[in-house]
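Trainee: Could we go through the side-chain contacts in this one together? I'd like to take the rings and the charges in turn.

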Amino acid sequence: MSNIWPLAYDPVCHTYLTFARTSIPHEEDGLGSTYSYETKAGKRWEARYRKPDGKTARKGGFHTKREATAYLATVEVSKLTGSYVAPSAGVATIETLGTDWLAAHQATVKASTFHSDESAWRIHVQPKWGSRKVGSIRHGEVVAWVAELAKAKSPTTVTRAHGVLAAILDTALRDRRISSNPARDVKLPRRQSATRSYLTHAQVELLAEGSKHPDFVRFLAYTGLRWGEATGLRVRHVDQTKRRLFIEENAVVVNGHVKVGTPKTHERRSVVYPSFLAPAIAEAAEDKKPGDLLWGDGTTHLRPGNAKSGWFVGAVRRAQDADPGFPRITPHDLRHTAASLAISAGANVKAVQRMLGHASAAMTLDRYSGLFADDLETVATALDDQRSEQLQR
């Protein structure tokens with residue numbers, strides 16, 4: 001049997017090649033074979049083997065027979081462990097995979113989340129990685145990209161862009177296009193916790209009195225609802241007899257348009273509002289149908305207005321004119337204020353968690369642990385008094 005294989009055309013090197021067959025150890029065990037061939041750049045080696053489905057595959061470009069043999073060994077191990085990835089599976093581009101991922105992603109997340117992820121894809125991920133084959137991306141490249149992005153963008157932007165790329169590669173991994181995800185185990189910039197502003201009862205009233213919607217300001221500051229939850233409330237969601245609000249909708253502004261969906265955690269909940277809000281809520285619901293929005297004209301979701309000239313920022317400005325110590329706040333800070341006022345009134349962490357709609361009490365403690373400091377002081381004082389009392393007996 002001849003050891004010289006027929007001529008074959010190599011489109012990469014633009015030349016006809018002859019293959020000299022060379023057996024490797026354990027060829028009889030089905031590990032494959034290696035073949036040498038000549039190119040303009042010199043002698044190269046090719047590994048040929050059978051894929052799990054029995055079809056023949058090959059990979060060339062090795063500089064030595066040892067490299068080709070080592071590759072065959074890794075192929076055999078991956079076949080035995082079920083982690084085999086065909087070289088041809090990694091040729092799909094990130095552009096193609098990303099488009100498919102976005103289409104599937106849109107059906108599983110809220111409109112606001114998808115808007116942020118789509119923007120991260122369009123602005124940061126697609127321009128950098130779109131034309132790349134998924135199998136060609138290396139961990140070091142991703143690390144360098146994240147570091148470069150962090151020089152000009154906020155930690156939140158960097159984290160979201162990296163998350164989109166990593167999620168696309170996760171899908172490629174599950175589809176056996178790659179053997180590992182090169183975007184995982186990448187150190188991301190640490191996000192700085194924003195300083196929260198908590199208003200006192202007097203400051204809430206000052207803000208409300210200078211506002212176009214005073215009752216709504218008080219409502220946010222004493223119920224702790226998110227803006228979208230509050231503006232999404234309908235008359236049918238209010239039980240005025242028991243003073244309960246049933247949180248079933250969330251109205252979020254996405255790209256200038258209001259999108260109505262379920263609450264942020266997808267968990268519907270009920271919140272009890274204080275009795276001093278009852279007259280304002282009764283007035284807001286008066287002459288409206290059950291399906292009408294509670295706040296505003298009943299058909300249009302209330303908005304805070306422009307960040308520079310809207311009604312809410314105008315109310316903050318007037319409060320600051322009246323009180324130089326009044327903090328600069330956003331509507332979301334009224335949610336933090338509600339937590340602060342509830343805790344100062346003696347509410348425990350579980351009650352605050354249910355009011356705010358947090359996924360767990362641990363999340364509530366994470367965000368507002370500093371507000372429970374007085375409770376710790378009370379415990380320490382009680383232990384001190386108890387000890388003194390018992391030792392004096």
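**Rings and charges**

Mentor: Let me begin with Phe 219, which is buried, with a relative accessible area of 0%. Please keep in mind throughout that this is a predicted model.

Trainee: OK, and which residue in helix α7 is 3 residues apart from Phe 219?

Mentor: That is Phe 216, which lies in helix α7 together with Phe 219, about one turn of the helix away. Phe 216 counts as buried too, at 2% relative accessibility.

Trainee: How many aromatic pairs turn up in the whole structure?

Mentor: A search of the whole structure gives 10 aromatic pairs. One of them is Phe 216 with Phe 219, and because their ring centres are 6.5 Å apart with the planes at 15°, the pair is stacked. Ring pairs also join these two residues with Trp 227, Trp 295, Trp 311 and Phe 312 in a cluster.

Trainee: And Tyr 222, what does its ring pair with?

Mentor: Tyr 222 forms an edge-to-face pair with Phe 276, at 4.9 Å centre to centre and with 90° between the planes. Tyr 222 lies in helix α7 whereas Phe 276 is in the loop between β10 and α9, so the pair ties together parts that are 54 residues apart in sequence.

Trainee: Is Phe 276 buried or exposed?

Mentor: Phe 276 falls in between, being partly exposed with a relative accessible area of 45%.

Trainee: Switching to charges: how many salt bridges are there?

Mentor: The count comes to 14 salt bridges. In helix α7, the side chains of Arg 218 and Asp 215 meet in one of 3.2 Å, N to O, and these residues are 3 apart, about one helical turn.

Trainee: Arg 218 and Asp 215, then: what about their accessibility?

Mentor: Arg 218 is buried, with a relative accessible area of 18%, while Asp 215 counts as partly exposed at 27%.

Trainee: Which other salt bridge lies within a helix?

Mentor: Glu 148 and Lys 151 both lie in helix α4, 3 residues apart, and their side chains meet at 3.4 Å, N to O. Lys 151 counts as exposed, at 67% relative accessibility. By contrast, Glu 229 and Arg 226 are both buried, and the closest N and O atoms of their salt bridge are 2.6 Å apart.

Trainee: Last one: where does the charged end of Arg 196 sit?

Mentor: The charged end of Arg 196 sits over the ring of Tyr 368, 5.3 Å from its centre, and that of Lys 128 sits over the ring of Trp 129, 5.5 Å from the ring centre.

Note on methods: Residues are numbered from 1 along each chain as its sequence is written. This is a predicted model: local features need pLDDT of at least 70, side-chain atom pairs count only at pLDDT 80 or more; totals for chains, interfaces and linings use all residues. Side-chain values use heavy atoms; hydrogens and water are left out. A salt bridge is a side-chain nitrogen of Lys or Arg within 4 Å of a carboxyl oxygen of Asp or Glu. Helices (H or I, at least four residues) and strands (E, at least two) are DSSP runs, numbered from the N terminus. Buried means under 20% relative accessible area, exposed over 50%, partly exposed in between (1.4 Å probe, protein chains only). Rings of Phe, Tyr and Trp (its six-membered ring) pair if their centres lie within 6.5 Å; planes under 30 degrees apart count as stacked, over 60 as edge-to-face and the rest as tilted. A charge sits over a ring if NZ of Lys or CZ of Arg is within 6 Å of the ring centre and within 35 degrees of the ring normal.
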